[in-house]
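Me: Please take a close look at the part of this structure that I have in mind, a single glycine and the helix around it, and then carry the description on to the other parts that merit attention. A connected account would be preferred.

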Amino acid sequence: MQQGRVSEMCGIVGIALEDVSARAAIPIFYALYSLQHRGQESAGIATVSGTAGAGSVGGSGEIHLERGMGLVSEVFRENLSKLKGNIGIGHVRYSTTGASTLKNAEPLVVDYRDGRIAIAHNGNIVNASQLRNELKKEGRIFHSETDTEVLAHIFVKGLMKHNDPISALEEVMRRVIGSYSLTMLVNDTLIAVRDPVGFRPLCMGFIEGEKDANGVIFASESTAIDTLGGITLRDVRPGEVIIVREGCEYESFQFCKATNKAHCVFEYIYFARPDSVLDGRLVYDVRLKIGERLAEEHPVDADIVSPIPDSGVTFAIGYAKRSSIDYIEAFIKNRYVGRTFIMPEREARETAVRLKLNVVRENVASKRVILVDDSIVRGTTSKRIVERVRRAGAKEVHLRIGSPPIKAPCYFGIDTPTREELIASSHSINEICSILNADSIGYLSIEGLIDAIGMPAENLCLGCLTGKYPVEVPGEECIAKQLKLWQF
Ligand code: AMP
C-alpha cells in the first residue's frame, strides 16, 4: 500500500517562550539534534512572533520557515538567524525511498483565508488517499504527496466552519484514521495533538530559554527536553489537544476517550532512544528486561555475549546479566561514519561496511559467540554479521533477537518493507537460522515483549508481529472491534 507512505517516521518539536524577544529557533534546533535518530532525510523549523498564543486564530504574525535535505547540522547554519520569533515548531524526517524531495520536507506551511498554518507530523494517515480524492472533488489543490497536506486541508475546512482551532481539530480526529502526533502553529498559537490511540509518542515539559525566558515544550521524546535542561511534565494523552495560551499557560481538551490504546511496540524495540521515557516507561529498562527475558527463553552455552552495535547494546547487557555469560564486544563501531553511503562498486561497499563496524578478532576467535540485535527485517544485516564473526574464527555463532519475528508491514509510520521482503513472513525460524548461517537463533516471544513493556496487550499495536491491526487497513485483518478504540 503506497498511500501516505510519504510521512513515515519522524521527530517533532514545538516550543513557546514567554518572552516575546526570545528566539525559539535555538532550543528547537537543539531539540531536533537530540531527535536526529528519528529522521535523517530532512529537517525544518517554522517560527513566529507572538504573545505565546494570545489564542487569536486571526493573529497576524508572519511565519518564517527554513527547511532542507540532510541532517540538522547540515540544514541549519546562518539561516538559523532568519528564524525570528519566540514560538515555533520543528521536524526531522526519516529516509525512505522514492519520496526524498524537498517538497515533502516539513514543517508544512499553508496559507488560508485568515493567515498561515504550519504543521509538523509524525505518523501515517491510513485513509489519506480516500480523503485526498474527496478533497480534490471539492476543488482543493495539493502541492505535495504528503498525508500531512491532507490533514492540513481537513483542519482548514474545520477552521472555516467553526472559526476555532479546537473544534477544527475535533473534526480532524473524527475523520482522519491512522497515526499522528502533531505540533502546529495556527498563526501565533502553538498547538500539540496526539491521535486517539497514541500510536506515536509525544510528551510535554517546561524549559528555560534564552535570557531566562520560560517556555513550554512538546517533543516526540523526553530526551529533547533533557537536552534543553528542561523538565518533562507528562505525555500528551491519546486523543488530547493542548493549546498554549498567553504567558505559556496551556489548556487541554480531551476528545477521544478510548479505553484501549495502540502504542507502537517498535518504538521500545528499536526506534526511540534508550534514555527516553515513553508513556511512562524508560526505554532502557524495557530493553534490559527484554535481554533478560531472551536469556530465559533461549539459553545456550557460550563464551561471550556481544551486541550488534548500537541497537543491540542494552538487550545484550540484559542477556549477559541473566545468563552470567561475559559481555564482550565482538564489534567496534566507528562513531564518525554517519549514514551508510552508497558506493557503486561492490568492493567499495564492503570497505564502507568494514569502516563502520570492525570485528575484534581476538574477542571472538575460537569462542562460542552469542550475538544480540534488536530485530531482523530483511535479514541482510544479520547474515553479513554472522559471516564476519565466523571469518574471524568464532567456533559457534548464536543469534538472539530482541523482538518477535517481524511478519507484516507497518501502516502507522515505521519504515518496514513489504511482506515479500520481510524474511520472517515467508520463512520458518529454522529456515531463517540456516539462511543466516547461525548455529541457533532465538527470537523474543510476544508475551515476553508485552511483559517487558509492562502494559496490557490491548494498549499496544502489535501489527507488525501479528498481522492484526488496531484500525481498518484495506486488505488487512483488523481487530478494532475487539478493542475499545476511537470512542468520542
Ligand atoms: P535487515 O538487514 O533488513 O534485517 O535489518 C535489520 C537491522 O536494521 C537491525 O539491526 C535493526 O537495528 C535495523 N532496523 C530495524 N528496523 C529498522 C527501520 N525501520 N529502519 C532502519 N533500520 C532498522
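Reply: Glycine 291 belongs to helix H8, and in this predicted model its relative accessibility is 0%, so glycine 291 counts as buried. Leaving out residues up to four places away in sequence, glycine 291 touches Phe315, Gly318 and Tyr319. With isoleucine 119, by contrast, glycine 291 has a C-alpha to C-alpha separation of 38 Å, across 172 residues of sequence.

Helix H8, which spans residues 283–297, also contains leucine 288. Leucine 288 has a relative accessibility of 17% and therefore counts as buried, the cut-off being 20%. Its contacts, apart from neighbours within four places in sequence, are Thr314, Ile317, Gly318 and Lys321. Gly318 thus appears in the contact lists of leucine 288 and of glycine 291. A helix runs through this stretch of the chain: H9 comprises residues 313–323. Leucine 288 lies 39 Å from glutamate 145, C-alpha to C-alpha, with their positions 143 residues apart in sequence.

The loop that leads from strand E17 (304–307) to helix H9 holds aspartate 310. The peptide bond from proline 309 to aspartate 310 is cis, with omega near -15°. A cis peptide bond is also found between glutamate 106 and proline 107, where omega is about 5°. Proline 107 is placed in the loop between E4 and strand E5 (108–112). Most peptide bonds are trans, and most residues other than glycine have a negative phi.

As to phi, asparagine 187 has a positive value, near 55°. This asparagine 187 sits in the loop between strand E7 (178–186) and E8, and it is buried because its relative accessible area is 1%. Asparagine 437 likewise has a positive phi, near 60°. The loop of asparagine 437 connects helix H14 (429–435) to strand E23 (440–443); its relative accessibility of 43% means that asparagine 437 counts as partly exposed.

The loop between strand E8 (189–194) and E9 contains proline 201, which is buried at a relative accessible area of 5%. Beyond four places in sequence, proline 201 is in contact with Arg38, Ser181, Arg194, Ser220, Glu267 and Leu278. Glycine 215 is 14 residues from proline 201 along the chain, and their C-alpha atoms are 20 Å apart.

Strand E9 (203–208) is among the elements that cover the buried residues of helix H1. Helix H1 runs from residue 25 to residue 34, and 7 of its 10 residues are buried, so the rest of the structure largely encloses it. The buried residues are Ala25, Pro27, Ile28, Phe29, Ala31, Leu32 and Ser34. Their cover also includes strands E1 (10–17), E2 (42–48) and E4 (87–93), together with helices H2 (72–75) and H6 (222–227).

The ligand site can be described next. The residues that come nearest to the ligand, of the 15 around it, are Tyr94, Asp373, Asp374, Gly379 and Thr381. The side chain of aspartate 373 places an N or O atom 2.6 Å from an oxygen atom of the ligand. For valine 377 it is a backbone N or O atom that lies 2.8 Å from a ligand oxygen, while threonine 380 brings a polar side-chain atom to 3.0 Å from an oxygen atom of the ligand. On its own the ligand has 500 Å² of accessible area, of which the protein covers 84%. Helix H7 (265–271) and helix H12 (380–391) are the elements that give two or more residues to this shell. By class, the shell holds 6 nonpolar, 5 polar and 4 charged residues.

Between strand E21 (368–373) and H12 lies the loop that contains serine 375. Serine 375 counts as buried because its relative accessibility is 11%. Its side chain makes a polar contact of 2.7 Å with that of aspartate 374. Setting aside residues up to four places away in sequence, serine 375 touches Phe266, Ile401, Ser403 and Ile406.

Finally, the cysteines: the whole structure contains 0 disulfides. The cysteine sulfur closest to that of cysteine 410 belongs to cysteine 264, and the 6.0 Å between them is too far for a bond. Cysteine 464 is in no disulfide either, its nearest cysteine sulfur being that of cysteine 410 at 6.5 Å. Cysteine 410 is buried at 10% relative accessibility, and cysteine 464 is buried with a relative accessible area of 10%.

Note on methods. Residues are numbered from 1 along each chain as its sequence is written. This is a predicted model: local features need pLDDT of at least 70, side-chain atom pairs count only at pLDDT 80 or more; totals for chains, interfaces and linings use all residues. Side-chain values use heavy atoms; hydrogens and water are left out. A residue is near a molecule or strand if one of its heavy atoms lies within 4 Å of it. A polar contact is a pair of N or O atoms within 3.5 Å; within protein, one must be able to donate a hydrogen and the other to accept it, and residues adjacent in sequence count only if both atoms are side-chain atoms. Accessible areas come from the Shrake-Rupley method with a 1.4 Å probe; for residues, only the protein chains shown count as cover. Helices (H or I, at least four residues) and strands (E, at least two) are DSSP runs, numbered from the N terminus. Ala, Val, Leu, Ile, Met, Phe, Trp, Tyr, Cys and Pro count as nonpolar, Asp, Glu, Lys and Arg as charged, and the others, Gly among them, as polar. Buried means under 20% relative accessible area, exposed over 50%, partly exposed in between (1.4 Å probe, protein chains only). Contact means heavy atoms within 4.5 Å. A disulfide is a pair of cysteine sulfur atoms within 2.5 Å.
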